[in-house]
Amino acid sequence: MKAQNVTREIMTGNEAVATGVKLARVKFISAYPITPQTAIVEKLAEMVANNKINAKFIEVESEHSAMASTMTSEMTGIRSFTASSSHGVLYMHEMLHWVAGSRLPVLMAVVNRAIGPPWNIWADQTDSITQRDTGWMQVYCESNQEAMDSILLGYKVAENKNVMLPIMSMQDAFTLSHTSEPVIIRDESDAYDYIGDLNLPFSIDLKNPLGYGSLMPPDGPFMELKKDMRDSMYRAIEVVKEETKKFNEKFNADFPGLIENFMMEDADYALITMGSMSSTGKYTVRKLREKGMKVGLIRILFYRPFPAEEILKSIKGLKGLGVLDRSITFGQRGAVYEDVVTSLYNKTDIPIKNYVIGLGGRDIRVKDYEKMYEGLMEGEDSMEWINVGGK
Amino acid sequence: MPTSIPKQELMMSGHAACAGCGAVLAMRYVLKALGEKTVVSVPASCWAVIPGNYPAEVLKVPMVYTPFAATGASISGIREGLDIEGKEDYNVVGFAGDGGTADIGLQALSAAMERGHNVFYIMYDNEAYMNTGIQRSGSTPFGAWTTTTPIGKDRTFKKEKKKVVADIMMAQGVPYVATASVAFPEDLIRKVKNAKEIKGPKFIQILSPCPPGWYHNSEDTIKVSRLAVETRVFPLYEYMNGKFNLYKTNKFVPVEEYLKIQGRFAHLKEDEIKEIQNFVNERWEILLKKEGN
Amino acid sequence: MVMTPTAYYPTTNIKTSSWRTSKPVIDYSKCTRCMICWKFCPDVAIDINENPDYEAPADRIKKMEAPFIDYDHCKGCGICANECPFDAIEMVREGEDK
């Protein structure tokens with residue numbers, strides 16, 4: 001077995017993302033600072049300045065321009081990266097649609113932070129959740145290890161010839177971005193072996209001078225293009241499964257894939273979570289199991305494409321299910337809840353509850369999880385806000 | 001007889017521009033100056049629809065279409081990406097209208113110029129949001145009718161003076177800034193070629209008359225563009241390597257000659273025309289002083 | 001492979017001749033081959049004929065490369081007729097050919 005140059009370091013989520021960008025051999029980085037993403041950009045600027053990464057780094061004047069320049073750089077055939085958070089992600093909303101529609105496998109790291117007013121810099125997934133309709137794939141990380149690994153895996157999935165859609169990788173503000181954890185830094189040459197170089201079939205080429213994104217009337221293939229985006233997004237489900245397997249084999253890792261089932265084999269009640277709040281959930285599951293309660297937790301990693309089949313398999317035998325939304329959207333119910341319920345429509349009789357929790361960085365505690373699990377035993381499907389108004 | 005401008009055409013016929021459009025002339029001349037190793041980025045603008053419907057393309061070089069505000073950032077990304085691939089000899093051109101430059105695109109333009117990328121930014125100035133049907137922009141001149149500055153009963157034509165983006169670029173210290181007119185293609189092409197010698201950001205504002213928006217006959221496009229220079233309404237200048245050079249006309253042509261062939265100024269009264277003449281004279285003095293004369 | 005919004009179909013295949021109501025007609029007996037019409041055509045609808053066999057105002061001009069109108073793409077804007085210093089181009093209403 002070849003000696004692997006693998007090190008284990010204590011690092012924050014932001015540093016882990018920057019290290020992931022380095023391992024992925026990104027060649028162009030364009031970003032605009034916003035708390036709490038700033039350290040990613042600073043770390044990358046430092047790496048570029050010290051020749052630790054062979055990339056061009058530009059600091060642009062707005063997030064809209066960050067995404068525009070990342071997009072056109074990717075169009076020339078260069079693996080490109082940007083990062084943002086909260087209002088920055090909202091500012092580039094128009095460009096997110098344009099990048100996905102252009103079928104460019106850009107990767108963006110998003111540090112999940114609340115949307116104002118009022119100004120709030122703490123963990124809340126509203127920023128990326130409200131971008132779920134842009135055609136970008138979405139993966140939510142629970143640990144700094146996942147924050148790093150999702151960069152390598154993310155590019156690999158996005159650049160797959162049958163996918164060709166951009167992907168955003170989320171980590172919660174401060175809980176992951178600024179908290180240090182031990183992280184295994186994958187071997188550099190193994191990483192290059194795994195990811196290779198970007199090979200864009202329609203990159204800017206003088207010998208083949210194309211128009212990129214011209215005017216299309218109703219009888220042009222507009223609907224076909226959009227359908228192809230959707231089809232490609234859902235083809236990505238198999239690609240994520242394959243790549244997860246290959247990634248775990250290559251790096252001796254245990255990246256869960258589309259979802260993670262925690263103590264679900266004989267569970268009666270389960271909660272569906274996303275992001276770092278899942279760790280508290282798992283702790284509570286263990287605690288409640290000691291008391292004899294048969295509970296489990298399903299953690300969604302890939303929110304787009306939505307892993308409907310995997311969730312359907314996981315909920316077999318449950319008596320009650322709850323879905324946590326750490327975001328505020330104004331549909332009938334929370335965003336993740338709506339996706340879960342749509343996937344399970346006509347396929348289950350289990351009552352499914354919706355919990356809204358942790359907005360604006362409000363702490364998600366063990367006793368909140370205990371309350372949520374107890375709530376599932378009441379057997380109804382209401383929407384409940386946890387730890388709001390002093391309750 | 002040898003032609004006074006390069007023969008090579010990098011723009012084709014069959015496009016969907018209006019008859020007599022100044023913006024296509026601007027593109028035609030710019031590409032003649034730059035040659036085929038060029039990548040063009042175009043935001044939402046007349047130029048985004050001039051090539052016609054998908055899959056039609058009118059240029060013999062790659063053309064990237066972007067959302068409205070993105071031109072400055074788009075050319076930055078194209079430039080860096082090409083440079084990383086060792087294609088530093090490719091020209092990267094942002095080709096945007098006055099709306100996409102003076103208004104919604106100003107932020108990205110100013111930043112791209114400040115970052116110093118080796119790119120061209122060409123602003124084709126038809127003095128309003130023409131693609132969406134003649135609405136006023138920051139570049140619309142005083143006195144002009146537009147759909148959002150209609151005459152109405154209170155004579156609410158545009159009362160604000162034209163914001164000249166080229167002046168802003170000079171104030172920012174962009175290494176090459178020039179104004180040009182489609183009536184003087186030899187000069188325009190010479191300017192683009194001068195700019196090409198500079199490795200850094202370059203800005204050229206080209207006055208591009210618009211027959212439907214300016215309400216002039218399609219055959220008068222060149223005449224209008226020439227008169228704009230001769231009446232000093234649109235002075236031609238070149239700012240290169242810190243030196244400012246104003247092209248001086250040798251005879252005085254009253255502003256009325258320029259205004260009277262355009263329907264968008266038809267409502268102007270004598271005192272308003274005098275006001276415009278005063279604005280023109282004032283600006284001319286300022287530019288002369290800038291040159292040190 | 002995925003579908004992308006990229007394309008390339010040269011616009012020369014699209015005839016914009018139906019746009020016009022008048023067309024320019026060059027009187028080669030007056031045309032000095034100055035090429036100003038070619039220079040100012042927004043539609044690239046004036047081509048250069050390098051071996052022309054047209055009339056000319058003088059013998060020495062006969063062999064010079066000459067402009068000719070591409071009637072498939074001319075939109076009849078009239079710039080060429082308006083700018084010609086020698087009045088060698090006339091705009092003739094479509095359907096009223098002499």
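How do α1(A) and α2(A) lie relative to each other: roughly parallel, roughly perpendicular or oblique? I would like to come to that after a word of caution, which is that what you see above is a predicted model, for which the predictor reports an ipTM of 0.96 and a pTM of 0.96 for the complex. For chain C, the mean pLDDT is 95, with 98% of its residues at 70 or more.

Now to the helices. We usually describe two packed helices by the angle between their axes and the distance between the axes. In chain A, helix α1, residues 13-23, packs with helix α2, residues 38-49, at an angle of about 45°, and the axes are 8 Å apart. Since oblique is the class left for angles that are neither under 35 degrees, nor 65 to 115, nor over 145, α1(A) and α2(A) are therefore oblique to each other. The crossing in which α1(A) passes α2(A) is right-handed. On the side of α1(A), the contact is made by A:N14, A:E15, A:V17, A:A18, A:V21 and A:K22, while α2(A) brings in A:A39, A:I40, A:K43, A:L44 and A:M47. Sorted by class, the residues of this contact are seven nonpolar, one polar and three charged.

Let me turn to the sheet, which draws on chains A, B and C. Ten strands form an open sheet with mixed pairing, and the order is β9(B)-β8(B)-β6(B)-β7(B)-β5(B)-β4(B)-β1(B)-β3(B)-β9(A)-β1(C). At the edges sit β9 of chain B, residues 243-246, and β1 of chain C, residues 6-7, each of which pairs on one side only. Helix α11 of chain B, residues 270-291, packs on this sheet, where α11 touches β8 and β9 of chain B and makes about 140° with the direction of β9(B). Within the sheet, strand β6 of chain B, residues 176-181, runs antiparallel to β8 of chain B, residues 237-240, and three bridges join the two; B:V177, for instance, has B:Y239 as its bridge partner in β8(B).

Finally, the interface between chains B and C. How many residues of chain B are in contact with chain C? There are 32, and they meet 32 residues of chain C. Elements that each supply at least two residues to the chain B side are α1 (22-34), β2 (56-57) and α9 (221-230), and that side comprises 16 nonpolar, nine polar and seven charged residues. There is also strand pairing here, in that two bridges join β2(B) to β2 of chain C, residues 9-10, the two strands running parallel, and B:E57 has C:P10 as its bridge partner in β2(C).

Methods
Residues are numbered from 1 along each chain as its sequence is written. Chains are lettered from A and ligands numbered from 1 in the order in which they are written. This is a predicted model: local features need pLDDT of at least 70, side-chain atom pairs count only at pLDDT 80 or more; totals for chains, interfaces and linings use all residues. Two residues are in contact if their C-beta atoms, placed from the backbone, lie within 7 Å. Helices (H or I, at least four residues) and strands (E, at least two) are DSSP runs, numbered from the N terminus. Ala, Val, Leu, Ile, Met, Phe, Trp, Tyr, Cys and Pro count as nonpolar, Asp, Glu, Lys and Arg as charged, and the others, Gly among them, as polar. Two strands pair if DSSP finds at least two bridges between them. Axes are lines fitted to C-alpha atoms, for helices over the stretch in contact, and angles run from 0 to 180 degrees between N-to-C directions. A crossing is left-handed if the near helix is turned anticlockwise from the far one by less than a right angle, and right-handed if clockwise. pLDDT is the predictor's confidence in each residue, from 0 to 100.
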